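Subject: Structure handover

Hello,

Here is the structure I promised to pass on. Please open it before reading further.

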Amino acid sequence: MKKIMLTGDRPTGKLHVGHYVGSLRRRVELQNTGDFDEIFIMIADAQALTDNADNPEKVRQNIIEVALDYLACGLDPEKSTILIQSQIPELCELSFYYMNLVTVSRLQRNPTVKSEIQMRNFEASIPVGFFTYPISQAADITAFKATVVPVGEDQMPMLEQTKEIVHKFNSVYGETLVEPKILLPENQACMRLPGTDGKAKMSKSLGNCIYLSEEPDEIKKKVFSMFTDPNHIRIEDPGSLEGNTVFTYLDAFCRPEYFPEFLPEYENLDELKAHYQRGGLGDMKVKRFLNNVLQAELEPIRNRRKEFQKDIPAVYEMLKAGTEKAEKVAAETLRDVKAAMKINYFDDEELVRMQTAKYTEE
Ligand code: TRP
């Protein structure tokens, strides 16, 4: 069986370090292993509209931002097909048929949808499109016959829902759809990178995210104001790592080679952590180290982004070519799906023959 990777992001803002350690970095690594027959990266604008219906301009503006962030991180259109969801009508058709295989109560039990409904104060009036986006996400994944979907932990319920739809479809209509496997981030810190204020949710309005395109002085400012251990007041006090954002970021970003480069008095992160817990290591020193690490990680991304920013029309051309290529694949799947469901009246000669026979035998 072909190895096909698919994943995507909602274009509601520039991508930040949470996206990077949660999924982007892994995608680029996987892309560069050459292990995959096909890679599809989706800018999920139609999904973004499910809770931004009144603000299409925001979605429109952010498509190019997400595309630039992708290219900046090293996604290579020669190896990965980057596509815009809304421009592939086959995805809507698939969603429509999958809706028959999912119950309202099953959607209500989806934990990610549940918490998003709360976050958006949708309790009293949930838009149907928003409520059903897990079904549309199943269409995204199955349209491209994805076998591997690298995403953050919050997407686990979507993958579960997709697998259920695949099973249901295949058992009712015959083996047609491919079951995807989820690929989660490698460590806990990458799984849930908190905002710089220590809050679980990174958001533009809270001002607690570091964007991939952030300038060096902004990165520094955000690192130096990061949440640490509020009880670690004097340097000699023992410090706690639990919920300590600076250490969480180090877990997500630190590489062994950064110690000789920026903090040669420590061998590795375990040694640094042990000293902090023992007492005698000040927050400022750790923050200075983290700042160096983040600057080293983000500088090449920012520079590459600036190169791509010089030719915006070329980025749109790339998106158009990727979307066209992807649509052909989705159209093939839709054809298979309709054939399996027997709603392919006009390309089924057997059907015409049978109906003819029915009326000539009489
Ligand atoms: N739900 C994903 C997010 O919020 C975006 C997305 C849409 C996606 N379709 C997808 C992710 C298909 C993986 C596969 O980030």
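Below is what I found, going from the overall picture to single residues.

Overall

Please keep in mind that this is a predicted model. The protein has 362 residues, and 51% of them are buried. Its secondary structure amounts to 17 helices and five strands. The C-alpha trace spans about 100 × 45 × 40 Å along its principal axes.

Strands 1 to 3

Start with strand 2, residues 38-43. Five of its six residues are buried, so the rest of the structure largely encloses it. Strand 1 (residues 4-9) runs parallel to strand 2, and six bridges join the two. Within this pairing, aspartate 9 is found opposite isoleucine 43 of strand 2. Between the two strands the chain passes through helix 1 (residues 17-33), and this β-α-β crossover is right-handed.

Strand 2 also pairs with strand 3, residues 81-84. That pairing is parallel too, with four bridges. Two residue pairs are worth clicking on. Isoleucine 41 has isoleucine 82 as its bridge partner in strand 3. Isoleucine 43 has isoleucine 84 as its partner there. Isoleucine 43 is also the residue that aspartate 9 stands opposite.

Which residues of strand 3 lie on each side? Thr81 and Leu83 are on one side, Ile82 and Ile84 on the other. All four are buried, and both faces of the strand are covered. In general, side chains in a regular strand alternate between the two faces of the sheet.

Helix 3

Helix 3 covers residues 56-73. Its 18 residues should span 26 Å at 1.5 Å a residue; the end C-alpha atoms are 26 Å apart, which agrees. The helix does bend, by about 30 degrees, at asparagine 62. Of the 18 residues, 13 are buried, so the helix counts as mostly covered. Glycine 74 follows helix 3, and its phi is positive, near 110 degrees.

Ligand site

The residues around the ligand include Leu6, Thr7, Gly8 and Arg10. Ala44 and Gln47 are also among them. Further along the chain come Gln137, Asp140, Ile141, Val149, Val151 and Gln155.

Which glutamines place a polar side-chain atom by a ligand nitrogen? Three turn up:

- Glutamine 47, at 2.7 Å from a nitrogen atom of the ligand.
- Glutamine 137, at 2.9 Å from a ligand nitrogen.
- Glutamine 155, at 2.9 Å from a ligand nitrogen.

Two single residues

Is aspartate 237 buried or exposed? Its relative accessible area is 13%, under the 20% cut-off, so aspartate 237 is buried. This residue sits in the loop between helix 11 (216-224) and helix 12 (245-253). Its side chain reaches the backbone nitrogen of isoleucine 233 at 3.3 Å.

Lysine 325 is placed in helix 16, residues 312-340. Here the relative accessible area is 41%. That value lies between the 20% and 50% cut-offs, so lysine 325 is partly exposed. Lysine 325 and alanine 138 are 187 residues apart in sequence. In space, their C-alpha atoms are 20 Å apart.

Where to look

For a quick tour, begin at isoleucine 43, with aspartate 9 opposite and isoleucine 84 as its partner in strand 3. Then go to the bend at asparagine 62. Finish at the ligand, with glutamine 47 at 2.7 Å from one of its nitrogen atoms.

Best wishes

How values were computed: Residues numbered from 1 in each chain as written. Predicted model: local features only at pLDDT ≥ 70, side-chain atom pairs only at ≥ 80, totals over all residues. Heavy atoms only, no water. Expected span 1.5 Å × (residues − 1). Bend = angle between axes of the 7 residues up to and from the residue. Buried < 20%, exposed > 50% of the residue type's maximum accessible area, 1.4 Å probe, protein only. Pairing = 2+ DSSP bridges. Right-handed = clockwise from strand over helix to strand, strands pointing away. Near = heavy atom within 4 Å. Polar contact = N/O pair within 3.5 Å; in protein donor to acceptor, adjacent residues only side chain to side chain.
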